[in-house]
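Here's a quick walk through some packing details and a couple of backbone oddities. Keep the viewer open and click along as you read.

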Amino acid sequence: MSSPPAGPGFSSSPRPIADLAPLQRRKEHRSWYWYDWANSGYVTTVATVLFAPYLISVAEQAACGRVTDEDAGFKCTEHLSVLGLSVSPGSLVFYVVTLATIVSALVLPVVGAVADRSPRKPTVMARFAWAGSLAAGLMFFVAGSNWQLGALLLFAANICLGSSLVVYDAILCEIATPDERDRVSSRGWALGYLGGGLLLVVNLAMVTLHDSIGLSTEMAVRLSLLSAALWWAGFTVIPYRGVRNRPPVNVVPEGGGLVRQSFGQLFHTLRELPKYPVTLTFLLAYLFYNDGIQTVIVSASTYGEKELGFDTSVLIATILMVQFVAFLGALVFGKAAERLGARRVVLVGLVLWMVIVTVGYFMPDKQIGLFLMLAAGIGLVLGGTQALSRSFFSLLIPRGREAEFFSLYQAGERGTSWLGTLIFGLVHQWTDSYRPAIFALIVFFVVGFVLLLRVDPARGVREAGNERPAVV
């Protein structure tokens, strides 16, 4: 039977099929965001707030038979024997983190090369995340004087976290177009700060009110560590299931097994790095200003307590406020980048960081209102500068080398993360004051700013062979 003729207002030509690609990408974006939410539970509750003082207490118990108690006039001064070396219990955590940082700088480029050859990046990311969350969950069993288990688990969890983040960042390049990346990266960071902050509120409440719910302080901390591990593992399922696999592209032909192939690809990428001078300039700028950012974060509580005279309750409230302001800051910076471009907004952020450390230098003692305003400023620029640095760097990476370049991004960050704390410590030692120490960090922001001014975004995108976004 012949089809009827087309009537008035109708066309006999077939209807065009709607482009579902943007809808599919938005669905993957929403799944991808959740890994920032997932790993932030570990970063805030375990790595930043609770595990370091807890492991120090366990190490002191092993070294001295009791924990330092300033009120009772007791301070543990005995040392542990670690691989034949004499180590202070109070320094143990920092040595473990330093060792994990150094090992990460060596391991992550190999992880990146393996990931770039894999057609299942979400699976690679999830496996590292679940291995890390297992290590974090086993921290529940660190008790008494068993500091060895705690040190080993902290080392393993940090290595796995860094490895998972390399793959996670690389996935951004696959699921978002160049015009979408600032927004997507900023929303991921924002959700991470929100999730990490919410879990931290719950865990700090449990630790603070442990007597009223029938728990010892030790058990409240151990349950908090376990909750962060379950949070990390559980929410990782969302991106694992929601982000689809994609075949690798531009793979360097290599013989042998996967490991040998990955090393061959990594060496090929390292040899080609000089072909991307703009990418390398940005990476150098990032290493400087990010080191300044990380040192401000690490030293802020010490500065608030030792120099400005605030007690622990004020510092805890400030940490929580920074988490939630950073959530808003990441979204605000992401919106600004859509109009001005990520590089310009990061430059503005670096100027604000210079203002923050300058204000910190002149801030009078025990002025809680000013201190909270300064903390709000930190939160505002913290999430935004980090999120936009990630999305801007993604534009400067050649296709098919995303995980390798992000491994250099992460490894470079870890390889230089000691510079800021070293300068902070040396200046304090020379001056016996934290004020010039915090102000000295302005050098990192100035150098980063100057280097970032030298970055030509259009040229960098062109050298990497990528599509230029509408605003760059």
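Start with helix 2 (residues 92-116) and helix 4 (residues 147-175): in this predicted model, their axes come within 8 Å and cross at roughly 35°. The crossing of helix 2 and helix 4 is right-handed.

What does each helix bring to the contact? From helix 2 you get L92, V93, V96, V97, L99, A100, V103, S104, L108, V111, G112 and A115, and they meet W147, A151, L154, F155, N158, I159, G162, S163, V166 and V167 in helix 4. Sorted by type, the residues of this contact come out as 17 nonpolar, five polar and no charged.

N158 deserves a click of its own. This asparagine sits in helix 4, and at 17% relative accessibility it counts as buried, because the cut-off for that is under 20%. Setting aside neighbours within four places in sequence, N158 is in contact with Y42, V97 and A100. V97 and A100 are among the helix 2 residues in the contact described above.

Now for the rings. The structure holds 28 aromatic pairs. One of them is F288 with F444, a tilted pair with 6.5 Å centre to centre and 40° between the planes. F288 lies in helix 8 (residues 277-307) and F444 in helix 14 (residues 442-453), so this pair ties together parts that are 156 residues apart in sequence. Are the two partners buried or exposed? F288 is partly exposed, with a relative accessible area of 29%, while F444 is buried, at 6%.

Elsewhere, ring pairs link F282, Y286, Y289, F392, F393, F406 and Y409 into a cluster. There's also a charge over a ring: R222 lies over the face of F140, at 4.4 Å from the ring centre.

Last, the backbone. Which phi sign do L83 and K366 have? L83 has a positive phi although it is not a glycine, and K366 likewise has a positive phi without being a glycine. Here they are side by side:

| Residue | Phi | Loop between | Relative accessible area |
|---|---|---|---|
| L83 | about 55° | strand 1 (80-82) and strand 2 (85-87) | 86%, exposed |
| K366 | about 55° | helix 10 (342-362) and helix 11 (368-395) | 59%, exposed |

So L83 counts as exposed because its 86% is over the 50% cut-off, and K366, at 59%, is exposed by that cut-off too.

Technical notes: Residues numbered from 1 in each chain as written. Predicted model: local features only at pLDDT ≥ 70, side-chain atom pairs only at ≥ 80, totals over all residues. Heavy atoms only, no water. Axes fitted to C-alpha atoms, helices over the stretch in contact; angles between N-to-C directions. Helix = DSSP H or I, 4+ residues; strand = E, 2+ residues; numbered from the N terminus. Left-handed = near helix turned anticlockwise from the far one by under 90°. Contact = heavy atoms within 4.5 Å. Nonpolar A, V, L, I, M, F, W, Y, C, P; charged D, E, K, R; others polar. Phe/Tyr/Trp six-rings, centres within 6.5 Å; stacked < 30°, edge-to-face > 60°. Buried < 20%, exposed > 50% of the residue type's maximum accessible area, 1.4 Å probe, protein only. Lys NZ or Arg CZ within 6 Å of the ring centre and 35° of its normal.
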